[in-house]
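This report describes the chain displayed below, beginning with individual residues and ending with the chain as a whole. Please keep the sequence and the structure in view while reading.

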Amino acid sequence: AVVMPGPWAIVAIVTATQMIVAMSNIILPTIAPKLAEVLGVSPVLIGYQVSLTFGAATLATIFGGNAVLRYGAARSTQIAMLCCILGMLLFAIPSVAAIALGSLAIGAAAGMVNPAAAHMLVSHTPGARRNLMFSIKQTGVPVGGVIMSLTAPLVAVKFGYQWSLLAVGIFA
C-alpha cells in the first residue's frame, strides 16, 4: 500500500524545492566577480545570464501546468530538480555557451516547480490551512537567496567557483 505524506511533509518538500530553484537562480550573480575572472569576461555580462534564466522560466511556466497534468506533480518536481542538477553541471564548465545552456535548464526548473507545488498543496492540504501552507512554501525563495548570498561568494573565492555549485547540485 502506498502511504501518502501528510500536509506538513508536502509543505516541507515544496518549500525545499522552491529553495533549491531560488539557489540555482541566484548563484551566478552572487559569484559574478569570480566567475567573470575565470571566464575572462566582464561581471556585467552576468545580467544577461539572469535575463536568459528568467526568460526561459517564463516560457517554461506556460508548459508547467501541462507537465503536471501529464506526468503528475511529484514527477514534475523531480524533473525540475534534474534540470537544476543539469544546470549546475553546465555552470561548472568554464564556458559562456555552457553557462547559457545551464541557464535554460535552470529556467525550465523555475517554470515547472510552481505549478507542481501548487498542485501538491491544493491536493494534500486542508482548505482552512491552505493560505498558511502556500505562504510557508514561498519562504523557500528568500531563504534560498540568503543561503547563496552568505555562502557562495566565500566558497567561490576560497576554493573555486565550481565548489559553490556543488552544494546546490547535492541539495537538488
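## Ser24 and its surroundings

In this predicted model, Ser24 has a relative accessible area of 1% and therefore counts as buried, since the limit for that class is under 20%. Ser24 belongs to helix H1.

Which residues does Ser24 touch, leaving aside those up to four places away in sequence? The contacts are Cys84, Met88, Phe91, Ile106 and Val168. One of these partners, Cys84, is 60 residues from Ser24 in sequence, yet the two C-alpha atoms are 6.5 Å apart in space.

## Thr15 in helix H1

Helix H1 covers residues 7-30 and includes Thr15. Is Thr15 buried or exposed? Its relative accessibility is 14%, so Thr15 counts as buried.

A polar atom of the Thr15 side chain lies 2.6 Å from the backbone oxygen of Val11. Beyond the residues up to four places away in sequence, Thr15 touches Ile136, Lys137, Thr139 and Gly140.

## Thr53 in helix H3

Thr53 is part of helix H3, which comprises residues 46-71. Because its relative accessible area is 1%, Thr53 is classed as buried.

When residues up to four places away in sequence are set aside, Thr53 is in contact with Asn25, Ser103, Ile106 and Gly107. Ile106 also appears among the contacts of Ser24.

## Pro153 in helix H7

Helix H7 spans residues 140-159, and Pro153 is found in it. With a relative accessible area of 27%, Pro153 counts as partly exposed, because this class lies between the limits of 20% and 50%.

How far apart in space are the C-alpha atoms of Pro153 and Lys34? They are 8.0 Å apart, although 119 residues separate Pro153 and Lys34 in sequence. Pro153 touches Thr30, Ile31 and Met148, again not counting residues up to four places away in sequence.

## A nonpolar patch on the surface

Attention now turns to the surface. Phe159, Trp163, Leu166 and Ile170 form a nonpolar patch there, and together these residues have about 490 Å² of accessible area. Which helix gives the most to this patch? Helix H8, formed by residues 161-171, does so with three residues.

Leu166 is a member of the patch and is located in helix H8. Its relative accessibility is 40%, which means that Leu166 counts as partly exposed.

## The chain as a whole

The chain has eight helices and zero strands. Read from the N terminus, its elements follow the order α-α-α-α-α-α-α-α.

What radius of gyration would a compact globule with 172 residues have? The expected value is near 16 Å, and the chain has 16 Å, so the two agree. The C-alpha trace spans about 50 × 30 × 30 Å along its principal axes.

Of the 172 residues in the chain, 41% are buried; Ser24 and Thr53 are examples described above. Among contacts with a separation of 6 or more, 77% involve residues 24 or more positions apart. The chain exposes about 8,700 Å², and carbon and sulfur atoms supply 73% of this area.

How values were computed
Residues numbered from 1 in each chain as written. Predicted model: local features only at pLDDT ≥ 70, side-chain atom pairs only at ≥ 80, totals over all residues. Heavy atoms only, no water. Patch = residues over 30% accessible without salt bridge, like charges linked within 9 Å, V, L, I, M, F, W, Y side chains within 5 Å. Areas by Shrake-Rupley, 256 points an atom, 1.4 Å probe, with all protein chains shown as cover. Salt bridge = Lys/Arg side-chain N within 4 Å of Asp/Glu carboxyl O. Helix = DSSP H or I, 4+ residues; strand = E, 2+ residues; numbered from the N terminus. Buried < 20%, exposed > 50% of the residue type's maximum accessible area, 1.4 Å probe, protein only. Rg over C-alpha atoms; globule rule 2.2 N^0.38 Å. Contact = heavy atoms within 4.5 Å. Polar contact = N/O pair within 3.5 Å; in protein donor to acceptor, adjacent residues only side chain to side chain.
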